[in-house]
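The following exercises concern the packing of helices, cores and a sheet in one protein model. Each task is followed by a solution in steps.

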Amino acid sequence: MRTIGRLLLSAIFLVLTALLVLAAKYAPALVFSFYPELSRKALGVISAVTSAVPLAVWELLAGLAILWLLYTFVRIFTQHRSFLCWLAGIVLGVCVGLFVFVALWGLNHFGPSVGEQLGLSVREYTKQELTDATRYYAAQVNALADDVSRDNQGLARLSSFEELSKQAGAGYDKLAARYELFTGSHDPVKKLATWRMFSQFGITGIFVCFTGEACVNPDTYEVWLPFTMCHELAHRQTVAAEDGANFCAYLACMENESPEFRYSGAIAAYVYCHNALYKADKTAASEIWQSLKEGVRADIQAANTHYAQYEGKVQDAATKVNDTYLKAFSEEAGVQSYGEAADLLIAWYLEKK
């Protein structure tokens, strides 16, 4: 009887989740007239509680959940419990979790894009516009390259993870004065304790809406740390799309008074535009690459070398899982949407121009 009850409850939560998604898809004007603000406020309350704990609370809860699953699984054999009832309990837990995820944050995947919310005109761009934007961001990162400390090999050396974490929200503090989108919680980023596992999966950061925590892998290459922190904080501002979060991270980095954040944001903007230009015009991309200061090229090459060590089947599998998740929530480009930040960066460049 308990098994049937759990399955019925699972079905109810699945239906409720489906209704939320359908409402977001077919009545967006109604849903997104209040949902983003409600989501930001709810996440802010949760984050205010979890930020009091220095460790990532979600990792602790995940560990306890695994232990509980193992304990209850053993009881199936030691106390002759029903396996189907146990399995139905897991299904119910997953369905409840999915409902909470969608209700609390997930619907933001179906909301207005960052470009729409910031008033940017995003369209198809000519090769010349892409080239000009790439050249602009190359000049920007060159101008900032000498503002960061470097070792005897010419590589940038930034502050500690803890120091950067405390500064990460400063850029969003300034943006919040101009854009409602950035009025969510700017509580500090947390370090992932299980970073070795995330490195194998090729994951540099994660936002967990259940605990409102923006977490970053400390194994992220040094120059990319500030940008990655701002990327995860963007998700807490209800920016669900990856290209949007990357662009918001750039804006937050450039608004930050820290030269380390500005350099990190500029180098990320250049890399995204360079990658897009390289697909369209290798010659132009190579010419702009050669215009970079030696230290900038060294930082980019060192980052590529760092991440290359984790390439393999495990990372490929993780990428496929992430790709499936993004496509399930209306990001048709999947993991490629991480690179579509170039469209927003070009639009921003043209507006500045």
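**Exercise 1.** State which helices cover the buried residues of H15, and establish how these residues are arranged around the helix.

*Solution.* The cover of the buried residues of H15 includes helix H7 (127–144), H13 and helix H14 (282–290); contact means heavy atoms within 4.5 Å. Helices (H or I, at least four residues) and strands (E, at least two) are DSSP runs, numbered from the N terminus. The model is predicted: local features need pLDDT of at least 70, side-chain atom pairs count only at pLDDT 80 or more, and totals for chains, interfaces and linings use all residues. Residues are numbered from 1 along each chain as its sequence is written, and side-chain values use heavy atoms, with hydrogens and water left out.

Step 1. The buried residues of H15 are Gly295, Val296, Asp299, Ile300, Ala302, Ala303 and His306, where buried means under 20% relative accessible area, exposed over 50%, and partly exposed in between (1.4 Å probe, protein chains only).

Step 2. These residues lie on the same side of H15, because they cover an arc of only 160 degrees around the axis, the arc being that of the directions from the helix axis to the C-beta atoms.

Step 3. Exposed residues Glu294, Asn304 and Thr305 sit on the face of H15 turned away from the buried side.

**Exercise 2.** Compare the span of helix H12 (residues 242–255) with the expected one, and state how many of its residues are buried.

*Solution.* Step 1. The expected span is 1.5 Å times one less than the number of residues. For the 14 residues of H12, the first and last C-alpha atoms are 20 Å apart, close to the 20 Å expected.

Step 2. In H12, 12 of the 14 residues are buried, including Phe247, Cys248 and Tyr250.

**Exercise 3.** Identify the residues with the most contacts inside the largest nonpolar core.

*Solution.* Step 1. A nonpolar core is a set of buried Ala, Val, Leu, Ile, Met, Phe, Trp, Tyr and Cys residues joined through side-chain atoms within 4.5 Å. The largest has 86 residues, and those with the most contacts inside it are Leu118, Tyr137, Tyr172, Phe247, Tyr250, Tyr263 and Tyr270.

Step 2. Helix H13 (residues 259–280) gives the most to this core, with 11 residues.

Step 3. Beyond four places in sequence, Tyr172 touches several residues, among them Phe182, Cys230 and Cys248.

**Exercise 4.** Determine the strand order of the open sheet.

*Solution.* Step 1. The three strands follow the order E1-E3-E2, with mixed pairing; two strands pair if DSSP finds at least two bridges between them.

Step 2. E2 and strand E3 (residues 213–216) pair in the antiparallel sense over four bridges.
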